[in-house]
Amino acid sequence: MPPASSVRKILVTGATGKQGGAVIEALLVSQAPFQILALSRNASRAQSLASKPNVTVVQGDISNPASIFEANNPIYGVFCVTVPGKKGAEEAQAKPLIDESLKNGVEHFVFTSVERGGTDRSETNPTNVPHFIAKHRIEEYLKEKSDNGSKMSYTILRPVAFMDNMNPGFLGKAFASLWSTLGDKPLQLVSVRDIGLFGARAFTDPSYKNRAIGMAGDELTLAQGKKVFKETMGFDMPETYGFVGAAIRWIIAEVGLMFRFFEDEGYAVDIQALRKEEPRLQDLSKWLKESSKFPKE
Ligand SMILES: NC(=O)c1ccc[n+]([C@@H]2O[C@H](COP(=O)([O-])OP(=O)(O)OC[C@H]3O[C@@H](n4cnc5c(N)ncnc54)[C@H](OP(=O)(O)O)[C@@H]3O)[C@@H](O)[C@H]2O)c1
């Protein structure tokens, strides 16, 4: 391990959540010499992170980042997750963090966004799904600010729907029911573990600088997904009544718009190319065996 003064710090937002947690895990496994600053609005909720080597829990809110930098400078890299809420919520989380990162000499900024129909199309296609639009705006802001004579490079991760949405519990069953509303139209899926792998790699591999990368590890209809599930696990994919998905689409307008996007356009990651880049990329069967919360033998 290099001397403490030369260890670079990475601030990971959403550290107690799925993507931030997966990035921390992948950074630790990679043994890259980083000190990880795990951000949480409530440090007492992040106790399990505090016990990990090279992880310091930092209490704070990303929409108010000045004090985070004051207390922890210099910070080499930032991993940014935003959480949808009322109109403008995601931009109010990410933009101050981008500004403060530039002001404080951050060298590399990773923003996890969402896929919007292929690498080229995602650049220009905000879609009409409000939380996709917010992420597109943040991408544009990040690119504009870091291209504008700054020394900060960026990586934009564009994941598709998470396999982890399927984990045991009512939400997993509701996700299967929503998926069933797509009929014969396949849906691309990615594991959160793999978002973590790419998120960590973005801080160590210079080829990820100033690049946006779509992320998916499988593409399946629900019928195909159920077959893979049964063959891998030996029991049926948990499901709920078929009308639940249609009801969710109708009641939650945002979900309705997102599933309409899946029907009319859809995610379009080149999965084969991504698997060449990262052979550990999980398809549904590998995710079920390696990372899901379903009971394994
Ligand atoms: N689910 C999918 O299929 C899918 C697919 C593509 C993209 N996405 C995007 O992924 C993002 C969510 O990422 P995730 O699943 O990793 O998140 P998550 O598991 O819900 O965790 C988010 C973390 O952010 C922190 N946080 C900070 N400010 C927050 C706020 N105002 N409200 C709630 N939490 C806040 C929370 O930590 P503390 O409480 O410790 O502060 C929380 O642990 C969303 O923007 C979503 O659109 C999801």
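## The seven-stranded sheet

Let's start with an open sheet of seven strands, which follow the order 3-2-1-4-5-6-9 with parallel pairing. At its edges are strand 3 (55-59) and strand 9 (211-215), each of which pairs on one side only. On average, neighbouring strands of this sheet are turned by 20° against each other, direction ignored. Please keep in mind while you browse that this is a predicted model. As general background, strands of a sheet pair through backbone hydrogen bonds, in either a parallel or an antiparallel way.

For a look at one pairing within this sheet, take strand 4 (residues 77-80) and strand 5 (residues 108-112): four bridges link them in the parallel sense. If you want a spot to centre your view on, Gly 77 stands opposite His 108 of strand 5.

## A helix across the strands

Which strands does helix 4 lie across? Helix 4 (residues 89-103) lies across strand 1 (8-12), strand 4 and strand 5. Relative to strand 4, helix 4 runs at about 175°.

## Around the ligand

Now for the part you may want to zoom in on. The ligand has 22 residues around it, and those that come nearest are Thr 16, Gln 19, Ser 40, Arg 45 and Thr 82. By class, the shell around the ligand divides into eight nonpolar, nine polar and five charged residues. Helix 1 (18-30), helix 6 (130-147) and strand 7 (161-162) each supply at least two residues of this shell.

Several polar atoms of the protein can be paired with oxygen atoms of the ligand. On Thr 16, a polar side-chain atom lies 2.7 Å from a ligand oxygen atom. Arg 45 also places a polar side-chain atom 2.7 Å from an oxygen atom of the ligand. With Lys 18 the backbone takes part: one of its polar backbone atoms is 2.8 Å from an oxygen atom of the ligand. How much of the ligand does the protein bury? Taken alone, the ligand exposes 930 Å², and the protein buries 77% of that.

## The three-stranded sheet

Strand 7, already met in the ligand shell, also belongs to an open sheet of three strands in the order 7-8-10, where the pairing is mixed. Strand 7 and strand 10 (218-220) are the edge strands here, each pairing on one side only.

Strand 7 and strand 8 (residues 187-190) run parallel and are joined by two bridges. For Phe 162, the bridge partner in strand 8 is Val 190.

## Two backbone details in loops

Two places in the backbone are worth a friendly pointer. A cis peptide bond joins Asn 73 and Pro 74, with omega at about -5°. Where is Pro 74 found? Pro 74 sits in the loop between helix 3 (66-72) and strand 4.

The other place is Gln 31, which has a positive phi of about 55° although it is not a glycine. Gln 31 belongs to the loop that runs between helix 1 and strand 2 (34-40).

Notes
Residues are numbered from 1 along each chain as its sequence is written. This is a predicted model: local features need pLDDT of at least 70, side-chain atom pairs count only at pLDDT 80 or more; totals for chains, interfaces and linings use all residues. Side-chain values use heavy atoms; hydrogens and water are left out. Two strands pair if DSSP finds at least two bridges between them. Axes are lines fitted to C-alpha atoms, for helices over the stretch in contact, and angles run from 0 to 180 degrees between N-to-C directions. Contact means heavy atoms within 4.5 Å. A residue is near a molecule or strand if one of its heavy atoms lies within 4 Å of it. A polar contact is a pair of N or O atoms within 3.5 Å; within protein, one must be able to donate a hydrogen and the other to accept it, and residues adjacent in sequence count only if both atoms are side-chain atoms. Accessible areas come from the Shrake-Rupley method with a 1.4 Å probe; for residues, only the protein chains shown count as cover. Ala, Val, Leu, Ile, Met, Phe, Trp, Tyr, Cys and Pro count as nonpolar, Asp, Glu, Lys and Arg as charged, and the others, Gly among them, as polar.
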